[in-house]
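Please read these notes with the sequence and the structure open side by side. Each point can be checked on screen before going on to the next.

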Amino acid sequence: MADDTGIEGLIDLMARLPGLGPRSARRAVLVLLKKRGQLMAPLAQALAEVALTAKDCQTCGNIGTSDICAICADPRRATGEICVVEDVADLWAMERGQVFKGRYHVLGGTLSALDAVGPDELGIPRLVARVADEATREVILALNATVDGQTTAHYIADALAPTGVQITTLAQGVPIGGELDYLDDGTIGAALRARRKL
Ligand SMILES: [Zn+2]
């Protein structure tokens, strides 16, 4: 135990980060304390800076440091395609794939009556407006294969129907190299329903 309340407070904050329990938070803080000059000071400065400048993109909901994010501001990404994702983490995953060249719409969650999350909270009216404003040809619904994700996908498809835009979803099924044994039933079911001729 660190018997310094300042250091204990730092450990408590670090322990709230995903993947860091109290034990790893303690280890991380100890490394920071030992590398105050090379690591802790630059980290503190970067955190303070980004905490002040980080904001949600007014167009797509991505997180950046200006009102319009770098993807929305890039004219080369005006491809007429909008990919709808649940979370910024999904946007980052799509970007890592380096395949999609269009723009995004980040919902920030899924429809949930239980948590009082409705279409407005997810920016669905804004998405419908964007489809007209940006001369969108295709909306790709890249939502998770959960019940909430699929319910939300159907709601969005209905909301977009009057615009006449083409709506597609990601193919779901067995990941490349995946073993059926390790898949959950929903994934296997989806893979079976989407089966094609060999
Ligand atoms: Zn954006």
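The numbered points below go through the metal site, the nonpolar cores, one helix and some single residues.

1. Status of the model. This is a predicted model. Every position and distance discussed here should be read with that in mind.

2. The zinc site. Which atoms hold the zinc ion? Four cysteine sulfurs coordinate the zinc ion: the SG atoms of Cys57, Cys60, Cys69 and Cys72, at 2.3 Å. The angles among the four donor atoms run from 105 to 114°, and the site is tetrahedral. Along the sequence, the donor residues follow the spacing C-x2-C-x8-C-x2-C. Cys57 and Cys69 link distant parts of the chain, twelve residues apart. Cys57 sits in the loop between strand S1 (55–56) and strand S2 (63–64), while Cys69 sits in the loop between S2 and helix H4 (70–73).

3. Burial of the zinc ligands. Are these cysteines buried or exposed? Cys60 has a relative accessible area of 1%, Cys69 has 2% and Cys57 has 3%. Buried means under 20%, so Cys57, Cys60 and Cys69 are buried. A student who sees cysteines grouped together may look for disulfides, but a search of the whole structure finds zero.

4. Asn62, in the loop between S1 and S2. Asn62 lies in this loop, which also holds the zinc ligand Cys57. With a relative accessibility of 7%, Asn62 counts as buried. Leaving aside residues up to four places away in sequence, Asn62 touches Lys55, Asp56, Cys57, Cys69, Ile71, Val88, Leu91, Trp92 and Val106. Two of the zinc ligands, Cys57 and Cys69, are therefore among the contacts of this buried residue.

5. The nonpolar cores. How many residues are in the largest nonpolar core? There are 15, and those with the most contacts inside this core are Val84, Leu107, Val139, Ile156 and Leu160. Two or more residues each come from strand S3 (81–85), helix H6 (124–133), strand S5 (138–141) and helix H7 (147–160). A second, separate core has 14 residues, including Cys69, Leu91, Phe100 and Ile140. Cys69 thus belongs to the second core and is also a ligand of the zinc ion.

6. Val139 as an example. To see how one core residue is surrounded, select Val139. Not counting residues up to four places away in sequence, Val139 touches Ile82, Val84, Val131, Leu160, Val165, Gln166, Ile167 and Thr168. Val84 and Leu160 in this list are also named with Val139 as having the most contacts inside the largest core.

7. The two sides of helix H6. Which residues of H6 are buried? They are Ile124, Leu127, Arg130 and Val131. Seen down the axis of H6, the buried residues fall within an arc of 105°, so they line one face of the helix. The general rule behind such a pattern is that an α-helix has 3.6 residues a turn, so residues three or four places apart point the same way. The buried residues of H6 pack against S3, strand S4 (103–106), S5 and H7. The face turned away from the buried side carries the exposed residues Ala132 and Asp133.

8. Two alanines with positive phi. Most residues other than glycine have a negative phi. Ala116 is not a glycine, yet has a positive phi of about 55°. Ala116 is found in the loop between S4 and H6 and, at 60% relative accessibility, counts as exposed. Ala135 also has a positive phi, of about 50°. This alanine comes just after H6, in the loop between H6 and S5. Ala135 is exposed as well, with a relative accessible area of 57%.

9. Distance in sequence and in space. Asp12 is in helix H1 (residues 5–14) and is partly exposed, with a relative accessible area of 48%. Asp12 and Pro22 are ten residues apart along the chain, and 7.2 Å separates their C-alpha atoms. Asp185 lies in helix H8 (residues 185–193) and counts as exposed at 67% relative accessibility. How many residues separate Asp185 from Glu49 in sequence? The number is 136, and the distance in space is 45 Å, C-alpha to C-alpha.

Note on methods:
Residues numbered from 1 in each chain as written. Predicted model: local features only at pLDDT ≥ 70, side-chain atom pairs only at ≥ 80, totals over all residues. Heavy atoms only, no water. Helix = DSSP H or I, 4+ residues; strand = E, 2+ residues; numbered from the N terminus. Buried < 20%, exposed > 50% of the residue type's maximum accessible area, 1.4 Å probe, protein only. Disulfide = S-S within 2.5 Å. Donors = N, O, S within 2.8 Å, 3.2 Å for Na, K, Ca; no water. Tetrahedral: all angles 85-135°; square planar, octahedral: opposite > 155°, others 65-115°. Core = buried A, V, L, I, M, F, W, Y, C linked by side-chain atoms within 4.5 Å. Contact = heavy atoms within 4.5 Å. Arc of directions from axis to C-beta.
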